[in-house]
Structure formats: C-alpha cells, structure tokens
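Q: Could you take me through the pockets and the ligand site, with the reasoning behind each label?

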Amino acid sequence: MKIIRTKDYGEMSRKAAGIISAQVIMKPDCVLGLATGSSPEGTYEKLVEWYNQGDLDFGDVTTVNLDEYRGLPKENDQSYYCFMHRHLFDYVNINPDRTFLPDGMNEDPDAECARYEEVIRATGGVDLQLLGLGRNGHIGFNEPGEFFEKGTHCVDLHPSTIEANKRFFASADDVPKQAYSMGIQTIMNAKKILVVVSGEDKAEAVKNCFFGPVTPKVPGSILQMHPDVTVVADEAALSLCSLPE
Ligand code: F6R
C-alpha cells in the first residue's frame with residue numbers, strides 16, 4: 001500500500017485527479033469505479049478543469065459507481081446518479097450509455113444486485129476504483145459487521161452513516177435507510193484502488209483501516225490485502241498515524 005500525504009483537501013484532490021488522469025491517458029478505454037460524497041468532489045472538479053483545458057478525453061471511458069440509495073428516484077437531487085451528473089458526467093465528453101450505477105428504484109434486491117454484478121462483469125472489470133472512507137471505516141456502503149459482504153448487495157445503512165449523510169437532506173428521517181452497494185469482493189476485484197481521505201474526523205478510520213487488524217468490523221481494513229492500493233490523505237486525516245516525514 002502506498003500512502004501519499006498531502007497538506008490539505010486541495011492538494012489531495014489534485015494528486016488523486018493526477019492518478020485518475022494517468023489511468024485515462026494510459027488506457028483511454030479504461031473502466032473507472034467511482035464514488036460519491038465530499039471526499040471525491042474536489043477530484044472531479046480537477047478532472048473537469050483538465051478536460052476543459054484539452055488535457056483529458058473521456059470519450060472511450062466506462063464508469064461503474066459503488067452505490068446508490070434504495071428507493072430514491074434518480075431524478076432526486078440527492079441520488080448518486082444526480083451527484084455524478086452534477087460533479088462530472090455533465091461536464092466531460094463521457095458517453096452516458098457507458099456510465100453505470102445501481103438502480104435504486106428496482107424493488108427486487110436480488111434481481112438488482114445480480115444485474116449490477118453482471119453490468120460490472122460485462123465491462124471487463126474495473127481498472128481503477130476510487131473510494132472514500134466512512135468515519136466508521138466503511139467503503140462503498142459496506143458497513144461494519146461480522147463478515148465481509150462479497151458481491152453487490154442491499155444494505156441497511158448504519159445509524160452513524162444516516163447521521164453523517166443527513167446534512168444533505170431536510171432531516172435524518174429523509175435519509176434513505178437502505179442502499180445498493182458493491183460488495184467487498186466486487187471492490188477488491190479492481191486492478192487498482194485509489195482512496196481519498198481528508199479531515200480530522202476521518203483520522204480514526206484511517207488509523208483503523210490501514211494500521212489496524214484486518215476485520216469486518218472495519219470494512220476498509222480489507223484494503224491492506226489488495227496488491228495495488230494508493231491512499232491520498234491529508235495531514236489531518238493522517239494525524240493519528242506516525243509516518244516518516
Ligand atoms: C460514496 C460511498 C461512501 C463514501 C463515504 C465517505 O459513494 O460509497 O463510502 O465514500 O461515506 O463519504 P464522504 O466523502 O462524504 O465523507
């Protein structure tokens with residue numbers, strides 16, 4: 001695992017965008033696994049900026065997102081579908097037919113999870129998976145539990161995740177209680193993984209995921225077992241870890 005320490009969120013975003021750009025330049029028809037949330041917003045902003053400068057071409061790129069709320073229509077502005085359009089898809093030359101997310105409105109969890117696994121399989125596999133880290137160590141919506149969930153599954157969101165995400169909704173009651181999420185195995189199948197993490201409120205999660213025991217109680221700790229993980233973290237997120245300067 002490679003840990004890149006940055007001064008702040010801005011530098012983290014530039015470094016992460018640089019890694020994604022390198023992937024797109026080296027393999028223009030690559031498959032990117034994408035995340036939503038505050039952590040990658042700055043990264044997407046940089047990608048859009050570099051696209052506008054003519055330095056990036058998304059014309060042959062395929063994307064698969066980690067997760068989507070269950071029961072939220074994609075037109076809802078808090079859906080992850082809307083997030084991706086608002087932060088990236090609407091501003092670059094990506095083919096909308098090659099951007100994939102779980103369908104939060106499919107009421108049949110088994111059918112939706114099987115469909116989404118098949119979508120990912122049919123892309124030929126994820127070349128680079130971008131991840132944020134939940135404060136409780138979750139990746140995607142793989143919440144702390146007794147075992148690692150393998151494939152795409154329907155998740156009951158942890159109360160702390162609902163609490164963390166209520167800032168985007170009118171109240172905690174409006175936050176969907178379930179989501180469809182890639183599983184740990186789905187994530188681990190990516191050839192390369194890029195984690196972006198910023199802020200003091202993530203310091204405990206960073207310490208537990210990357211310097212603690214590998215356990216389903218800290219889902220992100222599984223990343224220690226992946227052969228090609230890069231963590232781009234700012235000083236605040238690394239404040240509980242002793243790394244060489
Ligand atoms: C988002 C996702 C989540 C977030 C995590 C951190 O698609 O899968 O795991 O990455 O909850 O969220 P932020 O970045 O908002 O702190």
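**Pockets and ligand site**

A: In this predicted model, helix H5 (159–165) contributes the most to the lining of the largest pocket, namely five residues. The lining also draws two or more residues each from strand E4 (67–69) and helix H3 (80–87). It has 36 residues, with Thr-36, Gly-37, Ser-38, Asn-165 and Arg-167 nearest the centre, and the pocket volume is about 680 Å³.

Q: What makes the contact between Asp-67 and the ligand a polar contact?
A: A polar side-chain atom of Asp-67 is 2.5 Å from a ligand oxygen. The cut-off for a pair of N or O atoms is 3.5 Å, so this pair qualifies.

Q: Which atoms of Gly-140 and Lys-202 lie 2.7 Å from an oxygen atom of the ligand?
A: For Gly-140 it is a polar backbone atom; for Lys-202 it is an N or O atom of the side chain. Both distances fall within 3.5 Å, so both pairs are polar contacts. Of the ligand's own accessible area of 410 Å², the protein covers 92%.

Q: Why is the ligand said to sit in the largest pocket?
A: The term requires more than half of a molecule's atoms to lie within 2 Å of the pocket's grid points. The ligand is assigned to the largest pocket, so it meets that condition.

Q: How many residues of each class form the shell around the ligand?
A: Three are nonpolar, eight polar and three charged. Among the 14 residues of this shell, Ser-39, Asp-67, His-138, Gly-140 and Lys-202 come nearest.

Note on methods:
Residues numbered from 1 in each chain as written. Predicted model: local features only at pLDDT ≥ 70, side-chain atom pairs only at ≥ 80, totals over all residues. Heavy atoms only, no water. Near = heavy atom within 4 Å. Polar contact = N/O pair within 3.5 Å; in protein donor to acceptor, adjacent residues only side chain to side chain. Areas by Shrake-Rupley, 256 points an atom, 1.4 Å probe, with all protein chains shown as cover. 1 Å grid on protein atoms, 1.4 Å probe; cavity = no way out; pocket = protein on both sides within 12 Å on 5 of 7 lines; lining within 4 Å. Nonpolar A, V, L, I, M, F, W, Y, C, P; charged D, E, K, R; others polar. Points joined across faces, edges and corners; volume = space filled by probe spheres on them. Helix = DSSP H or I, 4+ residues; strand = E, 2+ residues; numbered from the N terminus.
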